[in-house]
Amino acid sequence: MLFIKYPLALFVLSTAMAGCSGGSSDGTTQQAGDFFMSVNTTPNPPEVGSNAEVVATIKTGDQPSANCKVSFQQHMPGMEMSGDETVYNMVQEGGSGVYKARGGEFSMGGDWVLEFTLACDGTTQRVKFPYSLKWPE
Ligand SMILES: [Cu+2]
């Protein structure tokens, strides 16, 4: 039920690569009410010093959730940083339930959160996906 088929080879590739890295935030799925949200980033995991393309796949049961407005904010818990308030609005590809946006720079190593606002069918929910980024060696 939680297996997501990505329509683009790019994401198949990034998923396969993530399988090698052992990262804990790869393609994880969280439930928010009736919705199942899966998030992937390219690169995965994100890298310090650059931004990432963020792809959120939202389903209700087996069906794509096409009637959502999705955005996210990107921040480090417990640390005020510029960009904390920036809202990245995600764009859906057709009625696919797949929403994309490029976020801001991950300017430091450490713990980050992508906090999504999911407004679907009159219900607004927030879903957090944590990422732990290593400083470059
Ligand atoms: Cu910081």
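A nonpolar core is a set of buried Ala, Val, Leu, Ile, Met, Phe, Trp, Tyr and Cys residues joined through C-beta atoms within 7 Å. Keep that in mind for the middle of this tour. The structure above is a predicted model.

Start with confidence. The pLDDT of the chain averages 85, and 80% of the residues score at least 70. Residues 1-26 stand apart from this picture, with a pLDDT below 50. In the model this stretch has 27 contacts beyond near neighbours in sequence. Where pLDDT is low, the predicted coordinates should not be read in detail.

Now the overall plan. The chain has one helix and 10 strands. Read from the N terminus, the order is α-β-β-β-β-β-β-β-β-β-β. The chain has 137 residues, and buried residues make up 28% of them. Take the contacts with a separation of 6 or more: 57% of them join residues 24 or more positions apart.

Next, the strands and their partners. Strands of a sheet pair through backbone hydrogen bonds, either parallel or antiparallel. One group of four strands forms an open sheet in the order 6-5-9-10, and its pairing is antiparallel. Strand 6 (88-89) and strand 10 (123-133) each have a single partner strand, so they stand at the edges with one side lacking a neighbour in the sheet. Look along the pair made by strand 9 and strand 10. Strand 9 covers residues 110-120 and is joined to strand 10 by 11 bridges, in the antiparallel sense. One place to find the pairing is Thr117, which stands opposite Arg126 in strand 10.

The loop between strand 9 and strand 10 holds Asp121. Its backbone deserves a look. Most residues other than glycine have a negative phi, and most peptide bonds are trans. Asp121 is not glycine, yet its phi is positive, near 50°. Asp121 counts as exposed because it has 11 C-beta neighbours inside 10 Å, and the cut-off for exposed is 12 or fewer.

Move to strand 3, where several pairings meet. Strand 3 pairs with strand 2 over seven bridges, antiparallel. Here Val39 faces Ala56 of strand 3 as its opposite number. Strand 3 also pairs with strand 8, again in the antiparallel sense, over five bridges. In that pairing, Val54 stands opposite Ala101 in strand 8. Strand 4 (residues 63-64) is joined to strand 3 by two bridges and runs antiparallel to it. Thr60 has Gln63 of strand 4 as its bridge partner. Strand 3 and strand 4 make a hairpin, with two residues between them. Gly61 sits in that turn and has a positive phi of about 60°.

What lies between strand 2 and strand 3? The loop there includes Pro43, Pro45 and Ala52. Two cis peptide bonds can be found by following the backbone. Thr42 and Pro43 are joined by one, with omega about 0°. The bond from Asn44 to Pro45 is also cis, with omega near -5°.

Ala52 tells another story. Is it buried or exposed? Ala52 is buried, because 22 other C-beta atoms lie within 10 Å, where 20 or more is the cut-off. Leaving aside neighbours within four places in sequence, the contacts of Ala52 are Thr41, Thr42, Pro43, Pro46 and Gly103. Ala52 and Glu105 are 53 residues apart in sequence, but their C-alpha atoms are 7.6 Å apart in space.

Finally, return to the core. In soluble globular proteins, nonpolar side chains tend to be buried together. The largest nonpolar core here has 25 residues. Met37, Val54, Ala56, Val70, Leu114, Phe116 and Leu118 touch the most other members. Two or more residues come from each of strand 2 (35-42), strand 3 (53-60), strand 5 (68-75), strand 8 (98-102), strand 9 and strand 10. Which strand gives the largest share? Strand 9 does, with five residues.

Leu118 makes a good last stop. Apart from neighbours within four places in sequence, Leu118 is in contact with Ala32, Phe35, Met37, Cys68, Val70, Thr124, Gln125 and Val127. Two of these names, Met37 and Val70, are also among the core residues that touch the most other members.

How values were computed. Residues are numbered from 1 along each chain as its sequence is written. Two strands pair if DSSP finds at least two bridges between them. Two residues are in contact if their C-beta atoms, placed from the backbone, lie within 7 Å. pLDDT is the predictor's confidence in each residue, from 0 to 100.
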